[in-house]
Amino acid sequence: MKSCGVSLTTAAVAFGDEAKKMAAGKASREGEEEPLSLTVEEREALGDMDSRLFGFVRLHEDGARTKTLLGKAVRCYESLILKAEGKVESDFFCQLGHFNLLLEDYSKALSAYQRYYSLQADYWKNAAFLYGLGLVYFYYNAFHWAIKAFQDVLYVDPSFCRAKEIHLRLGLMFKVNTDYKSSLKHFQLALIDCNPCTLSSAEIQFHIAHLYETQRKYHSAKEAYEQLLQTENLPAQVKATVLQQLGWMHHNMDLVGDKATKESYAIPYLQKSLEADPNSGQSWYFLGRCYSSIGKVQDAFVSYRQSIDKSEASADTWCSIGVLYQQQNQPMDALQAYICAVQLDHGHAAAWMDLGTLYESCNQPQDAIKCYLNAARSKRCSNTSTLAARIKFLQAQLCNLPQSSLQNKTKLLPSIEEAWSLPIPAELTSRQGAMNTAQQNGSDNWNGGQSLSHHPVQQVYSLCLTPQKLQHLEQLRANRDNLNPAQKHQLEQLESQFVLMQQMRHKEVAQGLHKSQSSCLSGPNEEQPLFSTGSAQYHQATSTGIKKSNEHLTLPSNSVPQGDADSHLSSHTATSGGQQGIMFTKESKPSKNRSLVPETSRHTGDPSNGCADVKGLSNHVHQLIADAVSSPNHGDSPNLLIADNPQLSALLIGKANGNVGTGTCDKVNNIHPAVHTKTDHSVASSPSSAISTATPSPKSTEQRSINSVTSLNSPHSGLHTVNGEGLGNSQSSTKVDLPLVSHRSTSQIIPSMSVSICPSSTEVLKACRNPGKNGLSNSCILLDKCPPPRPPTSPYPPLPKDKLNPPTPSIYLENKRDAFFPPLHQFCTNPKNPVTVIRGLAGALKLDLGLFSTKTLVEANNEHIVEVRTQLLQPADENWDPTGTKKIWRCESNRSHTTIAKYAQYQASSFQESLREENEKRTQHKDHSDNESTSSENSGRRRKGPFKTIKFGTNIDLSDNKKWKLQLHELTKLPAFARVVSAGNLLSHVGHTILGMNTVQLYMKVPGSRTPGHQENNNFCSVNINIGPGDCEWFVVPEDYWGVLNDFCEKNNLNFLMSSWWPNLEDLYEANVPVYRFIQRPGDLVWINAGTVHWVQAVGWCNNIAWNVGPLTACQYKLAVERYEWNKLKSVKSPVPMVHLSWNMARNIKVSDPKLFEMIKYCLLKILKQCQTLREALVAAGKEVIWHGRTNDEPAHYCSICEVEVFNLLFVTNESNTQKTYIVHCQDCARKTSRSLENFVVLEQYKIEDLIQVYDQFTLVSD
């Protein structure tokens, strides 16, 4: 096996040579130990080992020999690095990273990878390095960075041998991040790949089904689960998990009818699941919930007992047991169960609420208030407003009661402080006579190891911690690193006492539960008492991973990370249905043998369940305690300790030996995101565009810098200077905030008309036919690959605050001559103007906007389809969550369809309703001051919700020239640069229709209708005309700042390209992002320049028409190709086929701009080379290439699997070729499906001679 970008064998030989030299130079020294060395056979064996073997090498079973070899190699490499004082080739560090990764020593692997990154300028060419780095980040739940590393691998090497594994892990991470569309795509890409993977196809199918369930697409999930059950030889663990999911879904969702019917389906599913896996504590718990909901109390207790017996202690289970006891009028037993729940999870809102309800029912309002306050403090509490009202009501009651009545009242239950430290009551331990035979048979296991009953009560009390002590314990844990010796000793004592207390309580309650089952009488069918949110609030975390065969794996529901029980205090991270990102703990250092069997906790109405016990990943999705949330830069690398060899650690992180004390443990500097300087044309690097793009270089400006921290994904300067170079050199020896180190940024700019860049077709083909080593051409005309594209950072220096609300460039037209004045075109397309508002355009050109009015549209085509987005009515400059409690970026809307006629009725009724509301307001207010006061109150109330629901009619297609002939003809009155079709419009040369881009789309709006934040497809310009009668409000950010908005989206768990988001203006102001804000009135045309970010909200009732335009400029082409490459990196389809368009431009357009010509010519060069190389490789392999040709107006082709553009050579399945349906694949997806392509035919659409002719005839013309 050859490594990607690094020759391991060569480096190993070099290692042997250097080792021999050192041995020879030091042989005469007395007492000098003989250096470690590797034999020739060992070097050859190591030459085949890199990160691609991770998960496929069995070190713990039959791989002892391999493990020994890897360990020896690590010691040899470390010895060499130490003796050479770190002055070795970068490949040594890369190999060291691979070996440590295979040994699952992730901290050392990350350190070695970091050092390789800092030394190797073109590290991005090494796919094995990127893959290994991604695996390390994945292990530490640094998903933000793992995603970037894995995407880089697929970008630089789409045929990477572990692409299936990458897609699997990307699917898991996007699932956790709630980016469900991306998750589904990557799972599907993994499923079609026939290469080996650490999960089976059945397990991947399960993830897809569970993804539907997580999105609440229950019917799709049910269908996918049932289809999976039909799979032959389905592993028992997968079968058990599928049945468990089906059972829980039927229990929660209205899939089959009323409660009794639901349970009649749910219970058999869960029973079948337990037949497949009798040891699933989660299935037993779910079964108990089902029995409880239909009043089968005895069966519910049996199931809960089995759940506790089969799995670790769960706050959810104890909470449900408490509810069951409370329903049976056993308050003391219920109290003990609730106490167990909240001691297991201090933030378990449902248990606190149920406990408060219990105290209320026992007429103890003071204790009830304390419990409700604890529930309200929980981050997972979903009904804080209801709780607040209840607390206020109880407090008012207490104020009205005389003090004497409170003091003299007899308490039915101990107070919360007393209950926290009381031993288990006798009721739970003295019911021997009621036990049935089945329970007696299981008593050995249930009561095994219980010796606490022999302890005196005084000793039990000594083990208990009061709430004050527990709070003190939490404070000490939070400040563990800053404690003095006395405080550390106190912390140790409290932790020991806490552990003993938990063990005592759980065993005693378990014993009491076992003994008291038969004494429980049948009770009411409803499981939850008054004011309860449910016996448990369920949430779920993703912990899917490749693990040892004897370990279990759990799956996510709401993708909320759950607590690993590294800390005894926080065993759960229950949430009230919310969706959060991964959180990191400062204390929990992942270990190779860590157990991941978290309990699930979710709402009664949330069906998703996370206990899918399937065989998992070698480096799994860990769940970390929510102890420390990710830092503001969103996704710093995990902080690691390397204590076994401080000197080596120092070399790995670039420290001088003198700065490392013997025996010290220094934190390894991790690869952090850095800020880079944007040069003249520096945005995302793109391999098909040889434009002025900044090529990131990880070389530090000062290689001698101490404690230097390099960046993986943004290797540019953190401190800026005018010329684009910065200085950043921290010499801090302690880890506080790791500094960012600057890097030089070298540009790849095409020399004007140089032979090496624009060769003749003969030179290109000659280079393709004379490959160099490893099949790669060594000719200079076939330029090397460019690094993966990166978003630009905010321009430097930042704008002052008073420049962040700039005036909008506006042009006022008085007549037709003004509209056709050439400088207007130049002004609009000037890159310095991100947006231009052309005022009075309709009047100057005498456009009949009435043709686009709602009335005319209904008369013309009343049954025409309208896409409807259901949204919440909010202020234009704000975006609140549905509860109105906080401002957010996420801007969700539900999609449906209707007709123009029906939406017109809605639009009219909305207007009439508004008129009625205005009339009512006028009658209610007598004077202006009262009106202002009420308006302010309404505004405040509106911000806090509930928000009114509105419907936005969007993406109405007006491309049919027969249906919309009058409307489309009217638009020909526009100046040429703004028309839908013109010779100077790049989109007119695509050769086929791209709906909404080179065709007109209509938008029908009511006040508040929102078009969320976005850049236009492939960064093309856009034209938008307001038909009226109402106004629209626009928000615009220049293209230079799209990287900043992309960062904000990532921080808010949003996909910049695919999600719906509405920026928080306060965030943009703090980040020094300028925002243009203006009103578009009827008849105004808004020109959005290439790459401009914008979002729009309707102020009144209005219609708008819009389409895209591609000016024939270097800036437009450059930005379009860059977005094409960025889309490829992010696995997003590009609506504009830029390769196809570039060849059509070469055929149809005479270019006089040297920059534009060079970019197009370079794109043609790359594609011509790829076509010829691929064709010759297919012919050499004996694969026939069949001539197919193209028809007029035939659309460009995209891969049906990964959605990348496929040009010229189409890989079509035999079946679709026979049926003439032509399901197209790219070469990489075709080989993943069928390695030897035996199931595919290759169709050729262009003769190579025709492409050569187009290439040679495309020349620069003079003005």
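## Burial and overall make-up

Of the 1263 residues in the chain, 58% are buried, a value that refers to a predicted model. The secondary structure of the chain comprises 44 helices and 21 strands, and the chain exposes about 52,600 Å², of which carbon and sulfur atoms supply 50%. Among contacts in the chain with a separation of 6 or more, 79% are accounted for by residues 24 or more positions apart.

## Helices α2, α3 and α4

Helix α3 (residues 64-83) takes part in two of the packings described here, one with α4 and one with α2. Helix α2 (residues 40-47) packs against α3 at an angle of about 100°, their axes being 11 Å apart, and this makes α2 roughly perpendicular to α3. On the α2 side the residues that meet α3 are E42, A45 and L46, while α3 contributes L69, L70, K72 and A73; by class, these residues divide into five nonpolar, no polar and two charged.

With helix α4 (residues 90-102), the axis of α3 comes within 10 Å and crosses at roughly 145°, and the crossing is left-handed. Here L70, A73, V74, Y77, E78, L80 and I81 of α3 meet F92, F93, Q95, L96, F99, N100 and L102 of α4, giving a contact with 11 nonpolar, two polar and one charged residues. L70 and A73 of α3 appear in the contact with α2 and also in the contact with α4.

## The α17 and α18 pair

Helix α17 (residues 331-344) and helix α18 (residues 349-361) have axes 9 Å apart and pack at an angle of about 155°; the two helices are therefore roughly antiparallel to each other. Their crossing is left-handed. From α17, the contact draws on P331, A334, L335, Y338, I339, A341 and V342, and from α18 on A351, W352, D354, L355, L358 and Y359. These residues divide into 12 nonpolar, no polar and one charged.

## Helix α40 and its surroundings

Helix α40 (residues 1138-1148) has nine of its 11 residues buried, so the helix is largely enclosed by the rest of the structure. The buried residues are M1138, V1139, H1140, L1141, S1142, W1143, N1144, M1145 and A1146. What encloses them includes both helices and a strand, since these residues pack against α39 (1114-1129), α41 (1154-1180), β18 (1205-1206) and α44 (1248-1257).

## Two residues with partners distant in sequence

D122 is located in the loop between α5 (106-119) and α6 (127-139), where its relative accessible area of 27% makes the residue partly exposed. The C-alpha atom of D122 is separated by 7.9 Å from that of P787, although the two residues are 665 residues apart along the chain.

Q907, by contrast, belongs to a helix, α34 (residues 900-924), and at 7% relative accessibility Q907 counts as buried. Its C-alpha atom is 8.9 Å from that of T854, a residue 53 residues away along the chain. With neighbours within four places in sequence left aside, Q907 is in contact with T854, M1004, K1005, V1006, W1101, C1102 and N1103.

Key: Residues numbered from 1 in each chain as written. Predicted model: local features only at pLDDT ≥ 70, side-chain atom pairs only at ≥ 80, totals over all residues. Heavy atoms only, no water. Axes fitted to C-alpha atoms, helices over the stretch in contact; angles between N-to-C directions. Helix = DSSP H or I, 4+ residues; strand = E, 2+ residues; numbered from the N terminus. Left-handed = near helix turned anticlockwise from the far one by under 90°. Contact = heavy atoms within 4.5 Å. Nonpolar A, V, L, I, M, F, W, Y, C, P; charged D, E, K, R; others polar. Buried < 20%, exposed > 50% of the residue type's maximum accessible area, 1.4 Å probe, protein only. Areas by Shrake-Rupley, 256 points an atom, 1.4 Å probe, with all protein chains shown as cover. Parallel < 35°, antiparallel > 145°, perpendicular 65-115°, else oblique.
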